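Please read this report alongside the structure. It covers the helices, the contacts between them and the surface.

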Amino acid sequence: METSLIIQPTTIRQKVIFIICLLFGLIFINAGLNKLFNYMPVPEVMPEKMIKMGAALKEIGWLFPLVALVEMLGGLLFIIPKFRALGASK
C-alpha cells in the first residue's frame, strides 16, 4: 500500500487573509511590548483627562503588565489560524 502526500492548493484569498491576520496580530504584539518597555514616544500635547487616566492606571502596578500580556497573547493567537477565533475574543 502506497502512502501519498496530499497537498491542498492554497488560494490567493487564503494567503491574503493570512497576511492580514499576521499584520493585525503583530500590531497587538507591538502594543503589548510597548506597554512593557515604553519604546514609542508619547505625544507632548494630550488632553488633561487622558494624562490623569494614564497616571491612575500606572499607579496600579500590576494592571499594565496584565493588559500587555493579554494583548500579546491575543495577537499571537490571532496569527495562528487554528486559534484565530480565540485570539479575536481576547
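## Helices and the loop after H1

Helices here are DSSP runs of H or I with at least four residues, numbered from the N terminus. On that basis, Asn 38 falls in the loop between H1 and H2. The model is a predicted one.

Asn 38 comes just after H1 and takes a positive phi of about 50°. The residue is not a glycine, yet its phi is positive. Asn 38 is partly exposed, because its relative accessibility is 49%. Met 40 sits in the loop between helix H1 (12-37) and helix H2 (48-59). Met 40 also counts as partly exposed, because its relative accessibility is 37%.

## Helix lengths

H1 has 26 residues. At 1.5 Å a residue it should span 38 Å, and its end C-alpha atoms are 37 Å apart, so the two values agree. H2 has 12 residues. The expected span of H2 is 16 Å and its end C-alpha atoms are 17 Å apart, which agrees.

H3 has 17 residues. From first C-alpha to last, H3 reaches 25 Å, close to the 24 Å expected at 1.5 Å a residue.

## Buried faces

Which residues of H1 are buried? They are Cys 21, Gly 25, Ile 29, Gly 32 and Asn 34. These buried residues pack against helix H3 (63-79) and helix H4 (84-88).

H3 has its own buried set: Ala 68, Glu 71, Met 72, Gly 74, Gly 75, Leu 77, Phe 78 and Ile 79. The cover over the buried residues of H3 includes H1 and H4. H2 is another matter. It is hardly covered, with a count of zero buried residues among its 12.

## Salt bridge

How many salt bridges does the structure hold? There is one. Lys 35 pairs with Glu 71, and the closest N and O atoms are 3.2 Å apart. Lys 35 lies in helix H1 and Glu 71 in helix H3, so the pair ties together parts that are 36 residues apart in sequence.

Are the partners buried or exposed? Lys 35 is partly exposed, because its relative accessible area is 31%. Glu 71 is buried, because its relative accessible area is 18%. The cut-off for buried is under 20%.

## Aromatic cluster

The count of aromatic pairs comes to two. Ring pairs link Phe 24, Phe 28 and Phe 78 into a cluster. Phe 78 is also among the buried residues of H3.

## Leu 36 and the nonpolar patch

Leu 36 lies in helix H1. It is partly exposed, because its relative accessibility is 37%. What does Leu 36 touch, leaving out residues up to four places away in sequence? Its contacts are Pro 65, Ala 68 and Met 72. Ala 68 and Met 72 are among the buried residues of H3. Leu 36 and Phe 64 are 28 residues apart in sequence, but 7.4 Å apart in space, C-alpha to C-alpha.

Leu 36 also belongs to a nonpolar patch on the surface. The patch is formed by Leu 36, Phe 37, Tyr 39, Met 40 and Leu 69. Together they have about 520 Å² of accessible area. Met 40, in the loop between H1 and H2, thus shares this patch with Leu 36.

Methods:
Residues numbered from 1 in each chain as written. Predicted model: local features only at pLDDT ≥ 70, side-chain atom pairs only at ≥ 80, totals over all residues. Heavy atoms only, no water. Patch = residues over 30% accessible without salt bridge, like charges linked within 9 Å, V, L, I, M, F, W, Y side chains within 5 Å. Areas by Shrake-Rupley, 256 points an atom, 1.4 Å probe, with all protein chains shown as cover. Salt bridge = Lys/Arg side-chain N within 4 Å of Asp/Glu carboxyl O. Helix = DSSP H or I, 4+ residues; strand = E, 2+ residues; numbered from the N terminus. Buried < 20%, exposed > 50% of the residue type's maximum accessible area, 1.4 Å probe, protein only. Expected span 1.5 Å × (residues − 1). Contact = heavy atoms within 4.5 Å. Phe/Tyr/Trp six-rings, centres within 6.5 Å; stacked < 30°, edge-to-face > 60°.
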